[in-house]
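Let's take a walk through this model together, beginning with one sheet and working outwards. Keep the 3D view open as you read.

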Amino acid sequence: MDTLTSNYQAGIFFDELIDEKGNARPPAKQLLKYLNSLPTEELEKRRLAAEATVQEMGVSFTVYTEEGNIDRAWPFDIIPRTIDAKDWEVTAAGLKQRLTALNRFIDDLYHDQNCIKDGIIPEHIIKDSKNFRPECVGVNPAFGVWAHICGTDLVRDEDGKFYVLEDNLRVPSGVSYMLENRAITKRVLPELFENDDIQPVGSYTSQLFDTLAALSPRDIEQPEIVVLTPGIYNSAYFEHAFLAQQMGVELVEGNDLFVDSDDCVYMKTIYGPERVDVIYRRIDDLFIDPEVFHKDSVLGVPGIMRAWKAGNVALANAPGAGVADDKVVYAYVPDLIRYYLDEEPILPNVKTYLCDDEKDREYVLANLDKLVVKPANESGGYGMLVGPHSTKKDQQLFAELIKANPRNYIAQPTLKLSTSPTLIGKGSLEPRHLDLRPFILQSKNTHVTTGGLTRVAMKKGSLVVNSSQGGGSKDTWIVNTKGA
């Protein structure tokens, strides 16, 4: 009798759940055994239940279009992605190592710049960075940490090994969807959590609270923490509200806060001003303080940079942290790990060509049809050229862009991204490409999520996983296999 997975073809890619012989990988054995036991009608019932749960919980994201902002329900696939806990231990250690080195690097850039003096990274790379903030030079955030919340994108290539695709250290988003994915899966596949040893993810918000509380400039038992949002029209507003609610802190907009003559930040309340100690800001640097950056910004708080520099409030992530998630800087991270930590990188980078380098640029221009070209500071899958899926006209346009501003572009091989079974239609599984965004917290202590946000390219053959580009998501299970 045919089962759900009997006709599944992973193709030439490394599949996360099913090996090349068609057998379940160890962490997926219980999952696939259970799914294969379900009649097609029951599986479809669970899929529809997941859709209804997404609607009921109000899990959504905003897409910006020419017609206006559109709120869309979160695209969710009920087949979880599984990873062996032993593999994840190594990956988590690599993520901690990476963020520690990146924070050392950022702190060095805003102080002595020894990495430039010692020839680890060229001076012009930093000088020409859109996210280096001269206004932050000399500031000493608590613990020397600038990026307190980092979302690092990982991919698996055809060898099944994790590679770092990019680091997100400005205002990384997506962790609320990781938590909601787990909540939805527990509702539609509750039996699996009784049979499988799946590591929990629910401690993230308490760890986030502790990470932020440790930054408080005042030594008090209950520091005042707020989440600063640009407002309801921001694409990640759902997440801002979710995290504030889960941590039990206030969700505020810029006009809810003010800086007084004592250079302290206060929140307006019905009981009068209340001093704020820590601001988890979800607003980009250039909009956070009209006294210092964009003068016409109505999203930020006038004087907040003064309060931060005076040590009267903590900002997470700190302004200027984005200098380290420049995709050109990314290429130097393995060397930065060796330089600051005297260790070999645990997690490798994807092979990267710097268009700023003459030899690399010549190679890129000659191979645009084979490479993925990315601008240094875009996010969300925008501004990219995916060579094998591009036209000659696209390639010609990118050749001109690269020649006009070579420092702004990098290129990477088109990876054979790993796949995972995804429910397409009634009772039919097809492979879809995916990535993984774990979240790393750092202040007094460092925490790594057990798993992360798995994003799925829902379109057949597509390598673009971003929700804004039609991607979806699924729950991520770190499974203790007990030597299976």
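**Two sheets and a helix pair**

Start with an open sheet of four strands, ordered β7-β6-β11-β12 and paired in parallel. At its edges you will find β7 (250-252) and β12 (314-316), each of which pairs on one side only. From one strand to the next, the twist averages 25°. Please bear in mind that you are looking at a predicted model.

Now zoom in on one pairing in this sheet. Strand β6 (residues 225-228) runs parallel to β7, and three bridges join the two. If you pick out V227, its bridge partner in β7 is L251. As a general reminder, strands of a sheet pair through backbone hydrogen bonds, in either a parallel or an antiparallel way.

Which helix lies across β6, β7 and β11? Here you meet α9 (residues 237-247), and β11 covers 278-281. The helix runs at about 150° to β7.

Helix α9 also leads us to another helix. It packs with α6 (residues 175-188) at an angle of about 70°, and the two axes are 9 Å apart. Because angles of 65 to 115 degrees count as roughly perpendicular, α6 is roughly perpendicular to α9. To see where they touch, display V175, S176, Y177, L179 and E180 on the α6 side; these meet F238, E239, F242 and L243 in α9.

Next, turn to another open sheet of four strands, this one with antiparallel pairing and the order β13-β16-β14-β15. Its edge strands are β13 (353-354) and β15 (385-386), each pairing on one side only. Two bridges join β13 to β16 (residues 409-413), and these strands run antiparallel. Within β16, I410 stands opposite L354.

Let's step back to the whole protein. Its secondary structure comes to 14 helices and 22 strands. The C-alpha atoms fill a box of roughly 75 × 60 × 50 Å along the principal axes. How does the radius of gyration compare with that of a compact globule? For 484 residues, such a globule would have a value near 23 Å, and the protein's 23 Å agrees with this.

Burial and contacts round out the picture. Of the 484 residues, 55% count as buried. Among contacts with a separation of 6 or more, 68% are between residues 24 or more positions apart. On the outside, the protein exposes about 20900 Å², with carbon and sulfur atoms supplying 48% of that area.

Conventions
Residues are numbered from 1 along each chain as its sequence is written. This is a predicted model: local features need pLDDT of at least 70, side-chain atom pairs count only at pLDDT 80 or more; totals for chains, interfaces and linings use all residues. Side-chain values use heavy atoms; hydrogens and water are left out. Two strands pair if DSSP finds at least two bridges between them. Axes are lines fitted to C-alpha atoms, for helices over the stretch in contact, and angles run from 0 to 180 degrees between N-to-C directions. Contact means heavy atoms within 4.5 Å. The radius of gyration is taken over C-alpha atoms; the globule rule is 2.2 Å times the number of residues to the power 0.38. Buried means under 20% relative accessible area, exposed over 50%, partly exposed in between (1.4 Å probe, protein chains only). Accessible areas come from the Shrake-Rupley method with a 1.4 Å probe; for residues, only the protein chains shown count as cover. Angles under 35 degrees count as roughly parallel, over 145 as roughly antiparallel, 65 to 115 as roughly perpendicular and the rest as oblique.
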